[in-house]
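Welcome! Please take a moment to look over the sequence and the model, and then let us walk through a few parts of it together.

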Amino acid sequence: KVVDVDPAFALGELELKKREILDRLMKEGLLEPNKQLFVPILPQRVGLITSKGSAAYNDFIKTLILSKFGFKIFIADALVQGKQAEQSILFALNTLEEIDVEIVIIVRGGGSKSDLYYLDNEAIARRIASYKLPVWTGIGHEIDISILDHVSNRSFKTPTAVAEEIIARFVEMKRHLEES
């Protein structure tokens with residue numbers, strides 16, 4: 001006979017807090033604004049927010065370089081884990097908004113749920129919702145979905161998947177031009 005259930009026990013406190021943040025953002029209509037921004041068909045000036053030198057950084061950069069399409073990548077080195085992650089990512093978003101980029105990408109490789117929790121951040125989510133540029137995310141692995149994924153223009157399973165989508169646009173355009 002169950003008398004009382006503590007959702008924090010069943011879901012875990014981190015997951016419960018994540019759901020509360022998502023509910024607030026949804027009620028305020030903040031899950032859609034960035035999704036409605038125009039994404040250039042062929043974005044060449046890419047703002048990248050990640051920890052410089054990390055596996056996510058290397059995977060993303062390497063994938064774009066190997067395509068040989070000549071992207072201009074503006075890197076905003078940021079902490080994507082730990083107590084300074086919020087401040088660091090907000091600073092990076094503000095910096096890239098002042099530079100002539102066409103799209104901003106936030107990437108981070110996989111990790112434990114507690115490592116990825118720093119990207120379930122309400123302040124960063126609100127900033128992305130009000131951001132003037134489309135923001136794409138590639139955070140974690142197949143099973144990881146962060147709050148940032150919910151508010152971004154588009155989310156991808158991995159950092160490499162984001163780079164592959166950008167390249168696919170150029171490959172498709174090249175094919176169309178060659179056929180023409």
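Where is the place of Ser146? In this predicted model, Ser146 sits in the loop between strand S4 (135–139) and helix H7. Is Ser146 buried or exposed? Its relative accessible area is 4%, so Ser146 counts as buried, the cut-off being under 20%. Leaving aside residues up to four places away in sequence, Ser146 touches Lys18, Leu119, Asp120 and Ile139.

One of those partners, Lys18, leads us to helix H2, where Lys18 is among the buried residues, together with Ile21, Leu22 and Leu25. Why can these four be said to share a side of H2? They cover an arc of only 100 degrees around the axis, and that places them on the same side of the helix. A general rule helps here: an α-helix has 3.6 residues a turn, so residues three or four places apart point the same way. The cover over the buried residues of H2 includes helix H6 (122–129) and helix H7 (147–151). Turn to the other side of H2 and you will find Glu13 and Lys27, which are exposed.

You can also check the length of H2. This helix has 15 residues, running from 13 to 27, and at 1.5 Å a residue it should span 21 Å. Its end C-alpha atoms are indeed 21 Å apart, so the two values agree. After H2 comes Gly29, with a positive phi near 70 degrees.

Stay with H2 a little longer and look for Glu20, which is found in this helix. With a relative accessible area of 43%, Glu20 is partly exposed, because that value lies between the 20% and 50% cut-offs. In sequence, Glu20 and Glu122 are 102 residues apart, while in space their C-alpha atoms are 10.0 Å apart.

From here, let us move on to H6 and another helix, H4 (residues 85–97). How do the axes of H4 and H6 cross? They come within 9 Å and cross at roughly 15 degrees. Angles under 35 degrees count as roughly parallel, so H4 is roughly parallel to H6. The crossing of these two helices is left-handed. On the H4 side, the contact is made by Ala85, Glu86, Ile89, Leu90, Leu93, Asn94 and Glu97. On the H6 side, Ala123, Ile124, Arg127 and Ile128 take part.

Definitions and conventions: Residues are numbered from 1 along each chain as its sequence is written. This is a predicted model: local features need pLDDT of at least 70, side-chain atom pairs count only at pLDDT 80 or more; totals for chains, interfaces and linings use all residues. Side-chain values use heavy atoms; hydrogens and water are left out. The expected span of a helix is 1.5 Å times one less than its number of residues. Buried means under 20% relative accessible area, exposed over 50%, partly exposed in between (1.4 Å probe, protein chains only). The arc is that of the directions from the helix axis to the C-beta atoms. Contact means heavy atoms within 4.5 Å. Axes are lines fitted to C-alpha atoms, for helices over the stretch in contact, and angles run from 0 to 180 degrees between N-to-C directions. Angles under 35 degrees count as roughly parallel, over 145 as roughly antiparallel, 65 to 115 as roughly perpendicular and the rest as oblique. A crossing is left-handed if the near helix is turned anticlockwise from the far one by less than a right angle, and right-handed if clockwise.
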